[in-house]
Amino acid sequence: MSMTSVEQEIQVISITREIEIAAPIEIAFEAMLEEIGPGGEMPGGKPFPMVVEPWPGGRWYRDLGDNAGHLWGHVQVIKPPTLLELYGPMFMSFPGVNHIQYRLTADADSGGTRLKFTHKAMGPIPDEIREGVGHGWDYGLNRIAGIAARLKAERGAK
């Protein structure tokens, strides 16, 4: 038996985004749970449904059926409708630590919501993942705004 030891450098990801959502905070929070849950999509529109259990310690995972799937993380903090924090391996199939935060703030002047998103990660993260992850989060954040607009219109919310 031969053993090979390869030292890998630890990489860091730090992404921060802010978006305005033209819907009340309760609808924006619901839209966020929809996008990271059963209504999730990949950039380009391919469905990417997930399960999110919205309570402390709840799982966030991709259910592929027949007891197959991929654990993305766990709910660390949830304070509806203002805060959701998740931690875990996320999309990484290698040793990695991730933490994401969705912080929502109601804007009394506009009746809308400001969503601040952060993603921090560390591990032996390949260049292609570090370079592409921001694009994926941008797509999801824009989807949250779109879902919120649709929900607001359906409910006739102000």
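## A tour of charges, rings and a pocket

Start by selecting Arg114 and Glu20: the two form a salt bridge, with their closest N and O atoms 2.4 Å apart. The term salt bridge here means a side-chain nitrogen of Lys or Arg within 4 Å of a carboxyl oxygen of Asp or Glu. The pair joins distant parts of the chain, since Arg114 sits in strand β7 (residues 112-123) and Glu20 in strand β1 (residues 11-21), 94 residues apart. Helices (H or I, at least four residues) and strands (E, at least two) are DSSP runs, numbered from the N terminus.

Before moving on, note that this is a predicted model, in which local features need pLDDT of at least 70 and side-chain atom pairs count only at pLDDT 80 or more, while totals for chains, interfaces and linings use all residues. Residues are numbered from 1 along each chain as its sequence is written, and side-chain values use heavy atoms, with hydrogens and water left out.

**More charged pairs**

Stay with the first pair and turn on the surface. Arg114 counts as partly exposed because its relative accessibility is 34%, and Glu20, at 43%, is also partly exposed. The cut-offs are under 20% relative accessible area for buried, over 50% for exposed, and partly exposed in between (1.4 Å probe, protein chains only).

Next, select Arg143 and Glu35, a salt bridge whose closest N and O atoms are 2.9 Å apart. This pair also links distant parts of the chain: Arg143 belongs to helix α2 (residues 127-155) and Glu35 to helix α1 (residues 25-36), 108 residues apart. Are Arg143 and Glu35 buried or exposed? Both residues are buried.

Now slide along helix α2 to Arg150 and Glu154, where the closest N and O atoms of the salt bridge are 3.2 Å apart. About one helical turn separates Arg150 from Glu154, because they are four residues apart in helix α2. Arg150 is partly exposed at 41%, whereas Glu154 is exposed at 53%. Add Glu18 to your selection as well: salt bridges that share partners join Glu18, Glu20 and Arg114 into one network. Over the whole structure, the search finds nine salt bridges.

**The rings**

Switch to the aromatic side chains, where the search of the whole structure finds five aromatic pairs. Select Trp60 and Trp72: their ring centres are 5.2 Å apart and their planes meet at 65°, so the pair is edge-to-face. Rings of Phe, Tyr and Trp (its six-membered ring) pair if their centres lie within 6.5 Å, with planes under 30 degrees apart called stacked, over 60 edge-to-face and the rest tilted. Trp60 is in strand β3 (residues 59-65) and Trp72 in strand β4 (residues 68-79). Both Trp60 and Trp72 are buried.

Add Phe48 and Phe91 to see a cluster, as ring pairs link them with Trp60 and Trp72. Then show Arg62, which lies over the face of Phe48 at 4.1 Å from the ring centre; such a charge has NZ of Lys or CZ of Arg within 6 Å of the ring centre and within 35 degrees of the ring normal.

**The largest pocket**

For the last stop, select Glu41, Met42, Trp72, Gly136 and Trp137. Of the 19 residues lining the largest pocket, these are the closest to its centre. Its volume is about 420 Å³, meaning the space filled by probe spheres set on grid points joined across faces, edges and corners. On a 1 Å grid over the protein atoms alone, a pocket is an open set of points where a 1.4 Å probe fits, with protein on both sides within 12 Å along at least five of seven lines; lining residues have an atom within 4 Å of a point. Which element gives the largest share of the lining? That is α2, with seven residues.
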